[in-house]
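Please open the structure in your viewer and keep the selection tool at hand. This tour proceeds stop by stop, stating at each one what to select and what is found there.

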Amino acid sequence: MFGDRRTILITAGPTREAIDPVRYITNRSSGKMGYALASEAAKLGYHVILISGPTLLDIPDSVDFIPVETALEMYDAVNHHIGKADIAIFAAAVADYRPAVIPEHKIKKSAERLTIEFIRNPDILGSARKTFGFMGVLVGFAAETEHLEDNAHHKLTSKGCDFVVANDVSRKDIGFDTHKNEVILVFPETTKFPPMDSKYELALVILEHAVKLASVRNTN
Ligand code: C5P
């Protein structure tokens, strides 16, 4: 809580993992869905902590903005701030792996082949309950190319989410870098299928469900 206002923590955007001092590996997340959630939540009067990887988007008005670059930085920022949150929504596309070693100098072009070894990044959403001890409403995202509902359901239980917002990223008309999205909301006992809509309208649907769950929890 922030004063008497509910606090919503949102992760957004891609992470960027250095390969050497001038190169990095990242992914196609634009950050639009996470920023839409942050902007709508702030307009509704919530205290918003937006932890974001690098994007080209304007910072939404009236949010506490915490810029990060790597998955490890995002992990630390979430660990530091999640204790203040009533609701946490993880919309970031976090790199699952990072280069094991970042050389001090630019990698020179020499051999015909270059092999880079990657190591696993921490699972930030998966740490929310187990490591950070977060007890509030937890919402994850799942970008899938097949078996959307089954994969989302697996994420829901393995990461201790209250619900998972899943979309099919193999479709060209929705998802990455588009303004519209079509998602399914996977709850433990049920799945909801809102119609395709702008990311702003879907943000409102997602927030409505999260806030309703938070209210039920508070009155218990
Ligand atoms: O397992 P997967 O990466 O598909 O899970 C997606 C969900 O987990 C998203 O909510 C994403 O923000 C979150 N995630 C995370 N840290 C990671 C990987 C994913 O918070 N290292």
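In this tour, helices (H or I, at least four residues) and strands (E, at least two) are DSSP runs, numbered from the N terminus. Please bear in mind that the model is predicted.

**First stop: a loop residue**

Select serine 62, which is found in the loop between strand 4 (47–52) and strand 5 (64–67). Is serine 62 buried or exposed? Serine 62 has a relative accessibility of 64%, and because exposed means over 50%, this residue counts as exposed. Now inspect its backbone: serine 62 has a positive phi of about 60°, although it is not a glycine. Most residues other than glycine have a negative phi.

**Second stop: another loop**

Move on to histidine 147, located in the loop between strand 9 and helix 4 (148–158). Its phi is positive, at about 45°, and histidine 147 is not a glycine. With a relative accessibility of 53%, histidine 147 counts as exposed.

**Third stop: a strand residue**

Next, select asparagine 167 in strand 10 (residues 163–168). The relative accessible area of asparagine 167 is 9%; since buried means under 20%, this residue is buried. Add asparagine 181 to the selection: the side chains of asparagine 167 and asparagine 181 are joined by a polar contact of 3.3 Å.

**Fourth stop: the ligand**

Finally, select the ligand. Where does the ligand lie? The space that the ligand takes is the largest pocket.

Display the surrounding residues: Phe90, Ala92, Val94, Asp96, Pro122, Asp123, Ile124, Leu125, Gly140, Phe141, Lys155 and Lys159. By class, this shell comprises seven nonpolar residues, one polar residue and four charged residues. Colour helix 3 (124–130) and strand 9 (137–144), each of which supplies at least two residues of the shell.

Which backbone atoms should be examined around the ligand? The following may be inspected in turn:

- Proline 122: a polar backbone atom of this residue is 2.9 Å from a nitrogen atom of the ligand.
- Isoleucine 124: a backbone N or O atom of this residue lies 3.0 Å from a nitrogen atom of the ligand.
- Phenylalanine 141: a polar backbone atom of this residue is 2.8 Å from an oxygen atom of the ligand.

To end the tour, display the surface of the ligand. On its own, the ligand has 440 Å² of accessible area, of which the protein covers 85%.

Note on methods
Residues numbered from 1 in each chain as written. Predicted model: local features only at pLDDT ≥ 70, side-chain atom pairs only at ≥ 80, totals over all residues. Heavy atoms only, no water. Near = heavy atom within 4 Å. Polar contact = N/O pair within 3.5 Å; in protein donor to acceptor, adjacent residues only side chain to side chain. Areas by Shrake-Rupley, 256 points an atom, 1.4 Å probe, with all protein chains shown as cover. 1 Å grid on protein atoms, 1.4 Å probe; cavity = no way out; pocket = protein on both sides within 12 Å on 5 of 7 lines; lining within 4 Å. Sits in = over half its atoms within 2 Å of the grid points. Nonpolar A, V, L, I, M, F, W, Y, C, P; charged D, E, K, R; others polar. Buried < 20%, exposed > 50% of the residue type's maximum accessible area, 1.4 Å probe, protein only.
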